[in-house]
Amino acid sequence: MAFADLGRLGTLACSHADGVATVALAREEKLNAICADMHRDFRTVLDQLETDPAVRCLVLTGTGRAFCSGQDLTENLPVASDGRPDLATALDRDYNPLVARLAALQIPTIAAVNGIAAGAGANLALVCDIVLAAQGASFVEAFCRIALVPDCGGTWLLPRLVGRQRALAMMLTGEPVDAETARDWGMVWKVLPGENFRDDVQSFAARLARGPTASFAMTKRAVDAAWDNTLEEQLALERNLQAECGRADDFREGVAAFVEKRPALFRGR
Ligand code: LHQ
């Protein structure tokens, strides 16, 4: 099976066009709250995204007026032997693998935040490579409102994007941050008008899907490794990745296209 064959998959609406896989959270009545069924559907989708060479960019978005309201708070969570909620199991089994697999994808990932992104929903957006937000969208680190710590990598991602103070202020107050502020703080790449949001996102994503996918994957790897590397280590990594790019078909095509004054036709290899 290919990603393009998935179609509507329980709680996720999947579509494929021009190398772009779009996965839309589809539980509108609960603002796309994440439930156990959605985790099951995500596992199926990720199996395809990780292996389907026709997919060269992922767009994660929401149906209806919200992006995602985080964990479905009306759903029964795992229970420990003493009868209290066992949130570690929810993270070990569902959320942490989801975040880790999204972060490890070898294609550009875009969060198209069409409306409110709360709790785990906000942090799922931030784990994507590029966040596009519609005017009127907002981000809420809602965990403090129910006496939880931010999860889904939020405590790792948000301070890196906006700095410690803004991250902590969002996490300790639970105040929503609007799309324009999120852009000014570095959580969002661009804010787009709401009317044509889905078309504009598709055009942007299709441009990335036509790009040199293998070198994009290496760029992601280099940027992610940089957090823990010295400059010297990073220079060595860049050297090795550049050596690999230099041997690839897309480099030859990129240079040929430049010399011939025509657009490059990258095949992602
Ligand atoms: C919802 C939800 C929702 C169910 C709206 N669940 N129904 C990980 C591991 C394990 C355990 C715990 O958590 C986690 C990670 C997390 O994500 S914790 C954080 C969970 N999320 C939240 O705390 C946010 C809860 N939602 C809200 O605060 C508001 O709904 C927001 C600010 C998102 C939107 O507010 P409004 O625009 O005013 O909409 P609304 O509140 O009226 O919601 C519309 C409907 O959606 C409503 O249902 P109803 O039947 O009354 O129309 C809500 O109950 C439902 N809904 N979020 N997470």
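**Notebook: pockets and helix pairs**

I began with the lining of the second largest pocket and sorted its residues by character: 16 are nonpolar, four are polar and two are charged. The model I am working from is a predicted one.

I then listed the residues around the centre of this second largest pocket. The lining has 22 residues, and Q71, L73, F143, I146 and L148 are the closest to the centre. For the volume of the second largest pocket I noted about 510 Å³.

Which elements supply the lining of the second largest pocket? I found that α2 and β7 (116-118) each supply at least two residues. The largest share comes from α2, which contributes four residues.

I turned next to the largest pocket. I recorded about 780 Å³ of space there. Its lining consists of 27 residues, and those that lie nearest the centre are V127, C128, D129, V223 and D224. By character, I entered 19 nonpolar, four polar and four charged residues for this lining.

Which element gives the most to the lining of the largest pocket? I entered α8, with five residues. Elements that each supply at least two residues to this lining are α2 (87-104), β8 (130-134), α4 (154-162) and α8 (213-226). I also looked up the domains: domain 1 (3-209) and domain 2 (213-260) each provide at least three residues of the lining of the largest pocket. I noted that α2 is listed for the largest pocket and also for the second largest pocket.

I went on to the helix pairs, beginning with α2 and its partner α1. Two packed helices are described by the angle between their axes and the distance between the axes. For helix α1 (residues 36-49) and α2, I noted that the axes come within 10 Å and cross at roughly 25 degrees. Angles under 35 degrees count as roughly parallel, and I therefore entered α1 and α2 as roughly parallel to each other. The crossing in which α1 passes α2 is left-handed.

The other pair I looked up was α4 with helix α5 (residues 164-173). Their axes come within 7 Å and cross at roughly 130 degrees. I therefore entered α4 as oblique to α5. What is the handedness of the crossing in which α4 passes α5? I recorded a right-handed crossing for α4 and α5. Of this pair, α4 also appears among the elements that supply the lining of the largest pocket.

Methods:
Residues numbered from 1 in each chain as written. Predicted model: local features only at pLDDT ≥ 70, side-chain atom pairs only at ≥ 80, totals over all residues. Heavy atoms only, no water. 1 Å grid on protein atoms, 1.4 Å probe; cavity = no way out; pocket = protein on both sides within 12 Å on 5 of 7 lines; lining within 4 Å. Points joined across faces, edges and corners; volume = space filled by probe spheres on them. Nonpolar A, V, L, I, M, F, W, Y, C, P; charged D, E, K, R; others polar. Domains from an automatic or database assignment. Axes fitted to C-alpha atoms, helices over the stretch in contact; angles between N-to-C directions. Parallel < 35°, antiparallel > 145°, perpendicular 65-115°, else oblique. Left-handed = near helix turned anticlockwise from the far one by under 90°.
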